[in-house]
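Thanks for sending this one over. Here are my notes for you to read alongside the coordinates.

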Amino acid sequence: VFEISREPPAGFGFPPPVNGVQQSRVDRYRSARDYPNIALLRVAVPQAQIADALNRFRQQRPVLDSLELILRWLGFVWGVGAGNCNPLYDGMGIPAAAMLEIVFGAVGFDLTPGLESRSSCPEAIWQAAKWWYEYYEQEANKSLVGAYYIGNELGDPI
């Protein structure tokens with residue numbers, strides 16, 4: 001998994017050379033208690049194209065400076081700074097979601113039609129996958145497939 005996490009398992013290290021992108025394992029997200037809101041999406045784009053776009057993203061901070069997003073979001077979730085409001089209100093998306101928008105956009109796939117890519121968030125990507133599937137099939141001629149799990153408060157699947 002390539003991601004931009006607010007809590008990288010090995011810490012942030014020195015993120016500028018890779019635009020904040022970290023590599024991890026998907027099994028890190030197995031715990032439903034720690035990560036109760038997980039969805040996996042499969043996008044019909046060749047993996048080699050995504051890998052190439054991701055490598056370019058890691059080297060091109062002027063396209064999207066994810067380090068600025070990371071700092072804004074860390075300040076928000078930690079409650080640091082005067083007047084620290086939700087960065088989404090300022091059009092600053094969640095770093096990992098904004099990265100996905102840029103990377104998939106570079107290969108011609110719009111993850112959230114009609115939304116500015118720098119202000120993306122996981123909820124916007126999920127809503128696009130849930131409600132815009134006909135657009136992807138007809139207009140983009142590509143499919144978007146997802147899987148998810150929602151547990152209720154008693155721990156039983158819904």
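The points below go from the overall fold to the pocket, the core and a few single residues.

1. A reminder before the details: this is a predicted model. The protein chain has 158 residues, of which 33% count as buried. Its secondary structure comprises five helices and four strands. Reading from the N terminus, the order is β-β-β-α-α-α-α-α-β, so three strands come before the run of helices and one strand follows that run, by the DSSP assignment.

2. On contacts along the chain, consider the pairs of residues at least 6 apart in sequence. Of the contacts between them, 59% join residues at least 24 apart.

3. You will probably want to look at the largest pocket, which has a volume of about 2,100 Å³. Its lining consists of 47 residues, and the closest to the pocket centre are Ile-38, Ala-39, Ala-96, Leu-100 and Pro-122. By class, the lining divides into 32 nonpolar, five polar and 10 charged residues.

4. Which elements each supply at least two residues of that lining? They are strand S1 (2-3), strand S3 (39-43), helix H1 (47-59), helix H3 (95-106) and helix H4 (122-131). The largest share comes from H3, with seven residues.

5. Next, the nonpolar core. In general, nonpolar side chains of soluble globular proteins tend to be buried together. Here the largest nonpolar core has 30 residues, and those with the most contacts inside it are Val-45, Phe-57, Met-99, Val-103, Phe-104 and Phe-109. H1, helix H2 (66-78), H3 and H4 each supply at least two residues of this core. H3 gives the most, with six residues. H3 therefore has the top contribution both to this core and to the lining of the largest pocket, with the helix limits taken from DSSP.

6. Val-103 is a good place to zoom in. Setting aside its neighbours within four places in sequence, Val-103 is in contact with Ile-50, Ala-53, Leu-54 and Phe-57. Phe-57, like Val-103, is among the core residues with the most contacts.

7. What about the cysteines? The structure holds zero disulfides. Is Cys-121 buried or exposed? Cys-121 counts as buried because its relative accessible area is 12%, below the 20% cut-off. Cys-85, at 32%, is partly exposed.

8. Asn-19 deserves a second look. Asn-19 sits in the loop between S1 and strand S2 (22-23), and its phi is near 55°, a positive value in a residue other than glycine. Its relative accessible area is 0%, so Asn-19 is buried.

9. Two residues of the loop between H3 and H4 make a useful pair to view. One of them is Gly-114, which is exposed because its relative accessible area is 87%, over the 50% cut-off. The other is Glu-116, which is partly exposed, with a relative accessible area of 43%.

10. Finally, two distances, C-alpha to C-alpha, for those loop residues. Gly-114 and Ala-128 are 14 residues apart in sequence and 9.7 Å apart in space. Glu-116 and Ala-98 are 18 residues apart in sequence, with 9.2 Å between them in space.

Conventions:
Residues are numbered from 1 along each chain as its sequence is written. This is a predicted model: local features need pLDDT of at least 70, side-chain atom pairs count only at pLDDT 80 or more; totals for chains, interfaces and linings use all residues. Side-chain values use heavy atoms; hydrogens and water are left out. On a 1 Å grid over the protein atoms alone, a cavity is a set of points where a 1.4 Å probe fits but cannot get out, and a pocket is an open set with protein on both sides within 12 Å along at least five of seven lines; lining residues have an atom within 4 Å of a point. Grid points are joined across faces, edges and corners, and a volume is the space filled by probe spheres set on the points. Ala, Val, Leu, Ile, Met, Phe, Trp, Tyr, Cys and Pro count as nonpolar, Asp, Glu, Lys and Arg as charged, and the others, Gly among them, as polar. A nonpolar core is a set of buried Ala, Val, Leu, Ile, Met, Phe, Trp, Tyr and Cys residues joined through side-chain atoms within 4.5 Å. Buried means under 20% relative accessible area, exposed over 50%, partly exposed in between (1.4 Å probe, protein chains only). Contact means heavy atoms within 4.5 Å. A disulfide is a pair of cysteine sulfur atoms within 2.5 Å.
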